[in-house]
Structures are given as structure tokens and as C-alpha cells.
Amino acid sequence: MQLGSKHFDSSIPYPKALRMKLVRLLLSASLLLLASRLLPAQQPTPSLVLEGDVTPDQNRTHFFVPFKVPVGVHRITVDFSYTHREEKTTLNIGIHDPNGFRGQSGSNKDHFTIGPGDATASYIPGSIPPGEWKLLISVSSIRPNITSHYRAEIRFNSPLEDSSFTLTPLDTHARWFRGDLHMHTAHSDGSCPNQSGVRVPCPLFLTAQAAANRGLDFIAISDHNSLAHYAEMRELQPYFSKMLLIPGREMTTFYGHFNAFGITQYVDYRVAEKGGRTIDQVVADILAQGGIVSINHPMSPTDERCRGCGWTPPTPTDLSKFAGVEVVNANRVMDRFWDEQIAQGHRLTAIGGSDNHSSPYGDDIPTAIGHPTTAVMAQDLSVASILAGIRAGHVFIDLAGSRNRLLEIEAHTSKTSAHMGDTLRAENGEQVELTIHVAGCNGSQLKMFVDGKAAGNPQTLSADDATPGFHWTGIEGRHWLRFVVVDANDTTQMLSNPIYINF
Ligand SMILES: [Zn+2]
Ligand SMILES: [Zn+2]
């Protein structure tokens with residue numbers, strides 16, 4: 001499908017009252033988030049500070065500053081600074097672990113991190129052996145009358161570095177951000193034609209570039225079970241200054257696939273009925289690291305073509321630990337599974353993923369990057385905020401991957417109101433008014449689903465920026481109201497998350 005011709009713009013007009021409420025919602029959410037988010041200024045205090053002076057007699061020499069790394073450290077982050085740069089003092093840095101060289105960045109990077117699967121470009125990722133590490137300082141230049149003071153802040157196991165490849169949000173304005181949460185590269189089974197036309201493992205950069213070309217705000221590259229793709233993602237994040245690269249991983253078991261977002265440490269994925277782990281154990285490890293999990297393509301068949309593609313856990317699995325489910329995988333809508341879980345009380349946020357395996361090659365196939373696009377309302381463009389938006393259910397899915405379509409829902413009773421993803425209290429017989437905002441779908445139809453079943457008459461959208469209203473009369477107990485936009489062929493164009501009633 002072709003992209004919409006309009007460029008997405010957060011200033012697209014929609015009802016002022018709805019817009020103000022969305023902003024208020026985000027402001028209140030942001031207060032909660034502040035407690036858990038680690039902005040640069042709020043990075044943990046250094047585990048160690050190494051300081052000293054460099055004098056002119058050290059010009060053009062190298063020296064080590066040793067420090068102890070305790071057992072249990074999986075990531076080291078260094079911030080290096082020194083005085084008298086303006087007088088042309090130049091100190092180059094590098095680092096050695098107890099076994100030898102782990103990288104050097106000269107004078108071009110004063111901040112670096114080394115983790116199990118990723119490291120700042122110039123540094124070598126891998127395990128962090130405890131013992132004596134050494135910061136290498138190479139005195140490239142210092143004038144005869146200068147004494148330069150250096151300071152290296154060392155942090156162990158920084159949660160921000162563990163979950164993100166950028167220290168700061170790429171966009172600080174609250175709005176809908178559009179992305180693709182499921183794709184594969186050379187680091188698992190992604191492939192594309194090489195210079196000779198032979199299909200080979202496809203470089204990750206091509207996937208990221210293709211996503212940027214589609215105008216996406218974020219992507220999660222979710223190679224199967226590996227950490228190997230994170231090194232390149234960390235290298236690429238500074239280049240893709242407008243597109244957030246979210247650490248993703250498809251936990252690929254014989255009994256179902258699910259994505260982990262926001263973690264960079266290894267998790268043992270080997271679920272097995274005999275001698276293996278349970279899905280609950282794998283999920284617990286991911287949550288302990290601060291990540292979230294979402295079930296992938298739950299209604300895919302599981303057979304000899306793809307063992308484990310469907311969701312068939314061998315032991316009872318606690319779905320309350322999952323944040324989401326991939327309700328749209330490529331062009332396949334899997335809402336029945338989703339509704340069944342909500343009926344059990346599990347508020348799984350519907351997200352989408354292209355499951356692209358071929359970077360930009362295959363834009364004409366259902367799994368083109370950005371098909372579908374998942375739109376997340378977030379206070380800024382950071383991993384923490386996008387994942388918080390997913391957890392909260394402030395998400396709709398745009399199957400065409402447009403840059404401009406919107407599907408926003410507000411529900412209210414005489415006493416209270418709620419947005420998509422939120423809970424509304426409604427007593428028996430109480431009137432619930434729903435205001436929907438649909439942009440970019442003139443001529444399409446909007447359908448309401450109550451408890452997973454079509455309810456009431458669809459409404460035809462008669463403008464490019466439409467605000468149809470629906471009513472629902474409260475019934476005791478749990479219910480969920482969600483909306484779908486369909487075209488003239490009844491093909492789903494957009495899918496909302498629910499307003500949860502009495503959950
Ligand atoms: Zn899969
Ligand atoms: Zn996949």
C-alpha cells in the first residue's frame with residue numbers, strides 16, 4: 001500500500017477539548033513517570049570517581065589508572081572530562097579489562113558504555129570480568145606551563161544504559177509517535193539480495209534506513225533470542241537522531257513467541273517441558289531487568305513449518321505479567337485471541353508489528369516495514385515513555401502505515417471520563433458517551449465492538465477529520481469498548497485499544 005501523501009503533524013486540528021484532555025492526561029502520567037525515569041541529570045551517582053593531574057613531563061606518554069570492578073557487574077559506563085582543553089590539552093582515553101584491551105576512543109568520545117551485547121562504537125562488548133580494570137589515558141598534547149586535572153566517573157549497571165541507546169529523549173513534546181515493533185535482520189533470519197543477487201543475511205543498517213525513509217518515529221529490531229544486534233543499534237542511534245531504536249528481542253520458544261522490549265542483558269529462552277524453563281520464568285527475568293513483554297502472532301499455526309509460532313504454552317502462564325499482544329502481525333488481524341484474554345481480565349495492549357525479514361526489499365509484500373504502524377501517545381520520544389504508553393494502552397494500530405491517520409477515543413459518564421486504555425466506572429443503566437476522533441479515513445466506516453462483538457450500527461466517516469459519537473448503556477461487571485475503522489471492502493484500516501469498563 002502507498003503511504004499517505006500528508007506528512008504527520010502533531011498540530012493536525014482535532015477537537016480542542018479532547019486535545020486539552022489528552023495533554024492533561026499526559027501531564028499527570030508524566031508526574032508518575034518522573035519517579036522511574038532516569039534523565040541524564042538524574043543518572044545514578046557514580047560508583048567510582050577517578051581523578052588526578054597530568055603535567056607537562058607526561059606529554060606523549062600513556063598511563064593507566066586502575067580501578068576495581070566487583071562481582072556482579074554486567075555494564076560499565078565512563079564519563080571523562082579534563083581541564084585546559086582551551087589551551088589545547090588533549091587527553092585520549094581507552095580501557096583494559098583484567099585480560100587486556102577493550103577499546104579506545106581517542107579524544108572523540110568522552111562518554112562510553114560497555115555491556116554484554118553492546119558498547120559505544122570504539123569499544124568491545126561482552127562480559128565484564130571482575131577484578132582490576134584500567135582506564136588508559138594517553139597524553140596527546142599538553143603545553144609546558146599547564147597542569148590538567150582529569151575526572152572519570154565510572155558507573156556500574158546503569159539502568160538507563162541497559163534499556164536505551166540514547167541518554168536523552170529524541171523529541172521532548174507529547175504527541176502520537178509512530179513505529180514498528182517487530183522486525184528481523186542479519187542477526188537472526190532477516191535476508192536480502194547481495195550485490196550478486198544472492199540472498200544473504202541482511203545488514204541491520206538497511207532495516208533502520210528503510211524505517212527512517214518511511215518516516216517512523218521508533219522501531220524495535222527484534223532478532224530472535226540474541227543480543228548481537230544491540231551493538232549496531234547503539235552505534236546507529238546517534239545517526240538516527242529522529243528515530244528511536246528500542247532494544248527488542250523475540251523470545252522464540254517451541255510454545256510461542258513473545259517480544260521483550262527495553263532490555264539488553266541475556267535471558268535464557270530455552271522453554272521446554274523436559275529439562276527446560278517455563279515461560280513464566282523467562283518473563284520474570286525480563287521484568288526483573290525492567291523490560292516489558294508482548295505475545296507475538298498468537299493465532300499463527302504451529303506445525304512443522306513453524307514450530308512455536310502459535311501460542312501454546314505447555315504449562316499455565318501468567319498473562320497478567322504481559323503488557324501487550326501483537327493483534328496485527330503484518331496484515332493479519334488476530335483480535336479473537338486478544339478479546340479472549342481481556343474476557344479473562346488481562347488488559348493486554350493491542351500492538352502491531354510487520355515481522356519484516358527483508359529490510360526494504362519487499363515493500364510490496366504484507367510484511368513491509370511500518371505495515372502495520374503502531375501509534376503510541378507518549379510524553380516524549382524515549383524508550384521509557386514509549387514503553388509507558390504501551391503499558392497504559394494509549395495505542396492504536398494503523399494497518400496502512402500512514403503518517404497522518406488518527407484514532408482517538410474519549411468516554412465519559414456524568415461523573416467521570418477516560419481515554420483509550422483507561423478504565424471507566426459505569427453502573428447498571430448509566431449512560432456512557434463516546435467521542436471518537438478519526439483523521440485520514442474519509443468515506444470509511446467506524447464500528448464499535450463491545451466485549452469483542454460488533455455492537456450498534458457502523459457510522460460512515462464523512463470528513464477527513466471526523467468526530468462521530470456513540471452511546472453505550474452501562475451493565476454491571478467488566479466490559480470493554482473498542483473501535484475499528486474499515487474500508488468499503490470491510491478490510492480493517494485502524495484498530496483501537498479499549499476503554500475498559502469496571503476493570
Ligand atoms: Zn515469531
Ligand atoms: Zn518475528
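Which residue stands opposite Val328 in β17? The residue is Val333, and this report works outward from there to the rest of the fold.

## About the model

This is a predicted model, in which local features need pLDDT of at least 70, side-chain atom pairs count only at pLDDT 80 or more, and totals for chains, interfaces and linings use all residues. Residues are numbered from 1 along each chain as its sequence is written, chains are lettered from A and ligands numbered from 1 in the order in which they are written, and side-chain values use heavy atoms, with hydrogens and water left out.

## The protein as a whole

The protein has seven helices and 31 strands; helices (H or I, at least four residues) and strands (E, at least two) are DSSP runs, numbered from the N terminus. Its radius of gyration is 25 Å, close to the 23 Å that the globule rule gives for 503 residues, so the protein is as compact as a globular protein of that length. Here the radius is taken over C-alpha atoms, and the rule is 2.2 Å times the number of residues to the power 0.38. Along the principal axes, the C-alpha trace spans about 85 × 55 × 45 Å.

Of the 503 residues, 55% count as buried (under 20% relative accessible area, with exposed over 50% and partly exposed in between; 1.4 Å probe, protein chains only). The accessible surface comes to about 20,900 Å², and 52% of it belongs to carbon and sulfur atoms; the areas come from the Shrake-Rupley method with a 1.4 Å probe, and for residues only the protein chains shown count as cover. Among contacts (heavy atoms within 4.5 Å) between residues at least 6 apart in sequence, 72% join residues at least 24 apart.

## Around strand β16

Let's return to the strand that opened the report. Six of the six residues of β16 are buried, so this strand is largely enclosed by the rest of the structure. Strands count as paired if DSSP finds at least two bridges between them. β16 pairs with β15 in the parallel sense over two bridges, with Ile295 and Val325 as bridge partners. Five bridges join β16 to β18, again running parallel, and here Asn329 is partnered by Gly353.

With β17 (residues 332–333), β16 runs antiparallel over two bridges. The hairpin of β16 and β17 has two residues between the strands, and Ala330 takes a positive phi near 55° there.

## The zinc site

What are the protein donors of the zinc ion (ligand 1)? They are Glu250 (OE), His257 (ND1) and His297 (NE2), lying 2.0 to 2.2 Å from the ion. Donors are N, O and S atoms within 2.8 Å of the metal (3.2 Å for Na, K and Ca); water is not among the atoms, so sites may look incomplete. Along the chain, the donors follow the spacing E-x6-H-x39-H.

The two histidines link distant parts of the chain, 40 residues apart: His257 is in strand β14 (residues 256–261), and His297 is in the loop between β15 (292–295) and β16 (324–329). Both His257 and His297 are buried. A second zinc ion (ligand 2) is 3.5 Å from ligand 1, and Glu250 coordinates both.

## Strand β19 and the loop before it

Strand β19 (residues 373–378) is mostly covered, with six of its six residues buried. In a regular strand the side chains alternate between the two faces of the sheet. For β19 both faces are covered: Thr373, Ala375 and Met377 lie on one side, and Thr374, Val376 and Ala378 on the other. Strand β9 (residues 175–180) runs antiparallel to β19 over five bridges, with Phe177 partnered by Val376. Four bridges join β19 to β20 (residues 395–398), also in the antiparallel sense, where Thr373 has Asp398 as its partner.

Ser359 lies in the loop between β18 (349–353) and β19. At 1% relative accessibility, Ser359 counts as buried. Leaving out residues up to four places away in sequence, Ser359 touches Cys192, Cys202, Leu206, Thr207 and Ile369.

## A four-stranded sheet

Four strands form an open antiparallel sheet in the order β1-β8-β3-β6. Its edge strands, β1 (48–54) and β6 (111–114), each pair on one side only. Four bridges join β3 (residues 76–82) to β6, and Val78 stands opposite Phe112 in β6.
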